[in-house]
Amino acid sequence: MNKEEILQKAQNDNKGMDVADLNIQYKAAYISYFVGIIGIIIVDIINAIVFKYVNHGANMVMSLMLTIAFAIKYYHLKKKHELIVTICYSLLTLMFLTFWILQLVKVW
């Protein structure tokens, strides 16, 4: 393969996206996850203070989103760190699911 063929193959593989675009998308997704988490925590704290109620369903959805994101990363990268984080977020999702179900049946 010559230089032009390698360049053409790389461009086809990236489907028109260069490394800078991919890095910006990665950073944007990473920052948005954590801004979302901070936002949910702030809303939960305010709801707990003002209404004496925390919406565990919203917490469950946020942790489920992070579980899926890290599961996909683990599937593609096969890194131990991604697996550990996936397991932790899965447990957190199950905890919030349990709390949400208890809220729905008015046990808690």
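1. Let's start with the largest pocket of this predicted model. Its lining is made by Gln25, Tyr26, Ala29, Tyr30, Tyr33, Ala69, Phe70, Ile72, Lys73, His76 and Leu77. The volume of this pocket comes to about 300 Å³.

2. Which helices supply this lining? Both α2 and α3 (56–77) put at least two residues each into the lining of the largest pocket. The biggest share is from α3, which gives 6 residues. Sorted by class, the lining of the largest pocket holds 8 nonpolar, 2 polar and 1 charged residues.

3. Lys73, one of the residues lining the largest pocket, is worth a second look. Its side chain meets that of Glu82 in a salt bridge, with 3.6 Å from N to O. In general, side chains of opposite charge can pair when their charged atoms come close. A search of the whole structure turns up 1 salt bridge, so you can go straight to Lys73 and Glu82 on your screen, where the cut-off for such a pair is 4 Å.

4. Are the two partners buried or exposed? Glu82 is buried, because its relative accessible area is 7% and the limit for buried is under 20%. Lys73 has 23% relative accessibility and therefore counts as partly exposed.

5. Now to the second largest pocket, which has about 170 Å³ of space. Lining it are Ile37, Ile40, Ile41, Asp44, Ile45, Asn59, Met62, Ser63, Leu66, Tyr89, Leu92 and Phe96. Two or more of these residues come from each of α2, α3 and α4 (80–104). Here α2 gives the most, with 5 residues. By class, the lining of the second largest pocket divides into 9 nonpolar, 2 polar and 1 charged residues.

6. Please also turn the model to find a nonpolar patch on the surface. Ile38, Ile41, Ile42, Ile45, Ile46, Ile49, Val50, Phe51 and Tyr53 make this patch, which covers about 920 Å². Two of its members, Ile41 and Ile45, also line the second largest pocket.

7. Where does Ile49 of that patch sit, and how open is it? Ile49 belongs to helix α2, which spans residues 19–50. With 58% relative accessibility, Ile49 counts as exposed, because the cut-off for exposed is over 50%.

8. A short path for your own viewing: begin at Lys73 in the lining of the largest pocket, step across the salt bridge to Glu82, then follow helix α2 (residues 19–50) to Ile49, one of the residues of the nonpolar surface patch.

Conventions
Residues numbered from 1 in each chain as written. Predicted model: local features only at pLDDT ≥ 70, side-chain atom pairs only at ≥ 80, totals over all residues. Heavy atoms only, no water. Patch = residues over 30% accessible without salt bridge, like charges linked within 9 Å, V, L, I, M, F, W, Y side chains within 5 Å. Areas by Shrake-Rupley, 256 points an atom, 1.4 Å probe, with all protein chains shown as cover. Helix = DSSP H or I, 4+ residues; strand = E, 2+ residues; numbered from the N terminus. Buried < 20%, exposed > 50% of the residue type's maximum accessible area, 1.4 Å probe, protein only. 1 Å grid on protein atoms, 1.4 Å probe; cavity = no way out; pocket = protein on both sides within 12 Å on 5 of 7 lines; lining within 4 Å. Points joined across faces, edges and corners; volume = space filled by probe spheres on them. Nonpolar A, V, L, I, M, F, W, Y, C, P; charged D, E, K, R; others polar.
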